[in-house]
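Reader: I'm new to this one. Please show it to me, and then I'll ask how each label is earned.

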Amino acid sequence: MFPPRPRVPEGDAAIRATDNDAALARLSAVRRGYLSDPFITPLVPRAHLEPARPPLINIGTYVRSEALDELVNEWLALSAQEGTQCQIVSMGAGSDTRFWRIATGPSKDTLARYIEIDFPEITTKKAMAIRKSKDLSAVLGKPEDVSLANGGTALHSPVYHLLAADLRQPPAESLGPLLTTGPEPLLSPHIPTLLLFECVLVYMSPSASGSLLQWFTDYFAAKPSSPASSTSVLGCIVYEMFALGDQFGKVMVNNLKARNVSLPGAEPYPTFESLPNRFLQHGWEVAKALTLKDIRREYISQAELERISQLEMLDEIEELELVLAHYAITWGVKLPSNADSLRAPWHEWGIRRKVAS
């Protein structure tokens with residue numbers, strides 16, 4: 001008899017499985033010395049049994065993480081320069097550890113609120129992992145200030161909030177009740193707000209992702225409830241695949257199809273030049289993009305590149321460049337109506353070049 005073929009997840013389960021891939025990739029990059037993250041191990045079941053990932057995956061994870069960290073850290077710095085706290089909403093957050101890294105870092109006092117949203121199956125597992133881990137739960141605050149909600153699919157603390165929702169549903173129905181109801185809504189329109197989408201929108205239809213961004217755009221453009229209050233800066237970072245129409249892109253698409261994962265959200269972005277349209281079509285003033293290939297070549301310091309080159313032997317340089325050329329980070333800014341009175345140079349927010357081109 002032949003052994004049974006491993007079952008491939010279908011439907012939403014296939015999409016949820018991509019979070020496990022990302023968590024294992026980060027765990028591997030941390031163990032190999034590419035990254036420092038003491039909070040990833042408690043979020044990976046049986047982490048001690050997981051083998052290391054290939055160098056190509058470790059390097060890709062490192063480049064992605066360094067660039068995203070720089071953008072988020074600069075957002076926090078601009079908020080401090082503005083003289084205010086900020087909030088971050090991470091959608092499709094999965095096993096991400098960013099909140100814990102910020103909350104134990106130098107910018108912790110700048111963070112007013114950190115909200116994570118994902119499928120209920122994902123948030124339930126994460127809430128359980130947080131409650132089981134002393135390292136994770138200690139960062140949230142006093143035990144009496146931390147509570148589970150909605151049958152264990154949600155978790156609330158003074159700063160960190162974990163919520164369950166299907167981002168493909170109309171946001172007025174899925175996000176509105178969670179974020180914008182009551183006299184003091186969880187999501188304040190009055191402080192700088194950063195949206196994070198790491199490999200999320202690519203799994204959604206363009207109409208669903210467009211509705212999501214438009215909903216946030218409208219919320220922050222609404223007229224203030226009183227003359228003393230005003231809406232604030234809205235920023236967004238999107239990390240995902242693009243330009244999947246060429247030969248290598250088609251290989252990536254077919255590999256994911258074999259796992260029952262499709263990428264409808266990549267269709268409107270066939271070229272690098274098309275990426276800023278993600279924000280420009282919603283009337284945002286700033287929209288920029290970089291591929292991971294360009295980030296690795298010019299936006300990571302020479303000293304860091306030399307350091308990581310010593311960690312593992314990489315033979316597949318050509319393949320690495322091909323993969324990195326099909327992933328991009330796109331970021332944008334929507335300025336409020338009172339933009340002239342802002343103190344910080346929000347339009348300059350970005351990743352700084354470290355190597356001369």
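Author: Let's start with vocabulary: helices are DSSP runs of H or I with at least four residues, strands are E runs of at least two, and both are numbered from the N terminus. With that in hand, V202 lies in the loop between β6 (193–198) and α8 (206–221). This is a predicted model, where local features need pLDDT of at least 70, side-chain atom pairs count only at pLDDT 80 or more, and totals for chains, interfaces and linings use all residues. Residues are numbered from 1 along each chain as its sequence is written, and side-chain values use heavy atoms, with hydrogens and water left out.

Reader: How many helices and strands does the chain have?

Author: There are 13 helices and nine strands in its secondary structure.

Reader: Why does V202 count as buried?

Author: Buried means under 20% relative accessible area (exposed is over 50%, partly exposed in between, with a 1.4 Å probe and protein chains only). V202 comes in at 0%, so it counts as buried. Across the 357 residues of the chain, 52% earn that label.

Reader: What does V202 touch?

Author: Contact means heavy atoms within 4.5 Å. Leaving out residues up to four places away in sequence, V202 touches E240, M241, S262, L263, P264, G265 and A266. Seen from the other side, the contacts of L263 beyond its neighbours within four places include V202, Y203 and M241.

Reader: How do you know that the chain's radius of gyration agrees with a compact globule?

Author: The radius is taken over C-alpha atoms, and the globule rule is 2.2 Å times the number of residues to the power 0.38. For 357 residues that gives a value near 21 Å, and the chain has 20 Å, so the two agree. Along the principal axes, the C-alpha atoms fill a box of roughly 70 × 50 × 40 Å. Among contacts between residues at least 6 apart in sequence, 79% join residues at least 24 apart.

Reader: What makes strand β5 largely enclosed?

Author: Strand β5 covers residues 160–164, and four of the five are buried, so the rest of the structure largely encloses it.

Reader: How do you know that β5 pairs with β4?

Author: Two strands pair if DSSP finds at least two bridges between them. Strand β4 (residues 154–156) shares two bridges with β5, in the antiparallel sense. H156 stands opposite H161 in that pairing, and a hairpin of three residues joins β4 to β5. Strand β2 (residues 111–118) is another partner, running parallel to β5 over five bridges; there I117 stands opposite L163.

Reader: Which residues touch the most other members in the largest nonpolar core?

Author: A nonpolar core is a set of buried Ala, Val, Leu, Ile, Met, Phe, Trp, Tyr and Cys residues joined through side-chain atoms within 4.5 Å. The largest such core has 80 residues, and Y160, I237, M241, L263, I295, I329 and W349 touch the most other members. Helix α2 gives this core its largest share, eleven residues. A second, separate core of 29 residues includes L187, A208, F216 and L234.

Reader: What makes A208 buried?

Author: A208, found in helix α8, has 13% relative accessibility, so it falls within the buried class. Its C-alpha atom is 5.6 Å from that of R168, although the two are 40 residues apart along the chain.

Reader: Why is the pair of Y34 and Y62 called tilted?

Author: Rings of Phe, Tyr and Trp (its six-membered ring) pair if their centres lie within 6.5 Å; planes under 30 degrees apart are stacked, over 60 edge-to-face, and the rest tilted. A search of the whole structure finds twelve aromatic pairs. In the one made by Y34 and Y62, the ring centres are 6.4 Å apart and the planes stand at 50 degrees, so it is tilted. This pair links distant parts of the chain: Y34 is in the loop between α1 (12–31) and α2 (55–82), and Y62 is in helix α2, 28 residues apart.

Reader: And why is the pair of Y219 and F220 called edge-to-face?

Author: Their ring centres are 5.5 Å apart and their planes at 85 degrees, so this pair is edge-to-face. Y219 is buried at 17%, and F220 is buried at 4%.

Reader: How do you know that R16 lies over the face of F119?

Author: A charge sits over a ring if NZ of Lys or CZ of Arg is within 6 Å of the ring centre and within 35 degrees of the ring normal. R16 passes, at 5.9 Å from the ring centre of F119.
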